[in-house]
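Reader: I'd like a close look at one part of this model, the empty space inside it and the helix packing beside it. Can you walk me through what's there?

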Amino acid sequence: MTITIADERFMRLAVVAATAGIEQGQTPFGACIVKGDAVVSCVHNGVWATTDIIAHAEAHAIREACRQLGTIDLSGCTIYSTCEPCPMCFSACHWARITRIVCGAGIEDAKAAGFNELTIANVTMKELGGSSVEVAGGCLRAENVRLFERWLQRPDRRVY
């Protein structure tokens, strides 16, 4: 799947959200959900702020998008994630019927930064599970990997 200029524009919003999260002591993950050209939700990870292990950026963005749109069916939406979604978040995207996942860094990048990742690629989950969600990786990868580098410099960083 081809990455477009619009994809890069929306991914940069996810990067801004992740950066804000880092500054608030959260982990370096952000997600932005878009329907058409309209941003529906754009958030950062909230695991430590909420002491909710499933408050990943993608899950938080999906909750907010469902509230904003008044539905659990996010067909026609694209989620921009600063890192390839974990299996839990990929499943949430599938169940919400999100049309596309566009991600920046990869699961291996998160693992290299010290996160306890299950290294099951989204394309593998898509194939094994028969999901119709489209997956495109590597969107602004260098910018997204820099989020990990910025986070690793913080003396107050916490991992899960």
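Author: Sure. When I say two residues meet, I'm using contact in the sense of heavy atoms within 4.5 Å. Bear in mind that this is a predicted model.

Let's start with the helices. On the α4 side, Pro-87, Phe-90 and Ser-91 touch Asn-122, Met-125 and Lys-126 of α6. Sorted by class, that contact has 3 nonpolar, 2 polar and 1 charged residues. Helix α4 spans residues 87-95 and α6 spans residues 122-129; they pack at an angle of about 50 degrees, with axes 10 Å apart. That angle is why α4 counts as oblique to α6. As for handedness, the two helices cross in a right-handed way.

Now for the open space. Pro-87, which is part of that helix contact, also helps line the largest pocket, along with Ile-53, His-56, Cys-86, Met-88, Phe-115, Asn-116, Glu-117, Leu-118 and Tyr-160. The volume of this pocket is about 180 Å³, and its lining breaks down into 7 nonpolar, 2 polar and 1 charged residues.

Then there's the enclosed space. Searching the whole structure turns up 1 cavity of 30 Å³ or more, and the largest cavity holds about 100 Å³ of space. Its lining includes Phe-29, Asn-45, Ala-57, Glu-58, Cys-83, Glu-84, Pro-85 and Ala-110. His-56, Cys-86, Glu-117 and Tyr-160 line this cavity too, and those four residues also appear in the pocket lining. By class, the cavity lining has 7 nonpolar, 2 polar and 3 charged residues.

Definitions and conventions. Residues are numbered from 1 along each chain as its sequence is written. This is a predicted model: local features need pLDDT of at least 70, side-chain atom pairs count only at pLDDT 80 or more; totals for chains, interfaces and linings use all residues. Side-chain values use heavy atoms; hydrogens and water are left out. Axes are lines fitted to C-alpha atoms, for helices over the stretch in contact, and angles run from 0 to 180 degrees between N-to-C directions. Helices (H or I, at least four residues) and strands (E, at least two) are DSSP runs, numbered from the N terminus. Angles under 35 degrees count as roughly parallel, over 145 as roughly antiparallel, 65 to 115 as roughly perpendicular and the rest as oblique. A crossing is left-handed if the near helix is turned anticlockwise from the far one by less than a right angle, and right-handed if clockwise. Ala, Val, Leu, Ile, Met, Phe, Trp, Tyr, Cys and Pro count as nonpolar, Asp, Glu, Lys and Arg as charged, and the others, Gly among them, as polar. On a 1 Å grid over the protein atoms alone, a cavity is a set of points where a 1.4 Å probe fits but cannot get out, and a pocket is an open set with protein on both sides within 12 Å along at least five of seven lines; lining residues have an atom within 4 Å of a point. Grid points are joined across faces, edges and corners, and a volume is the space filled by probe spheres set on the points.
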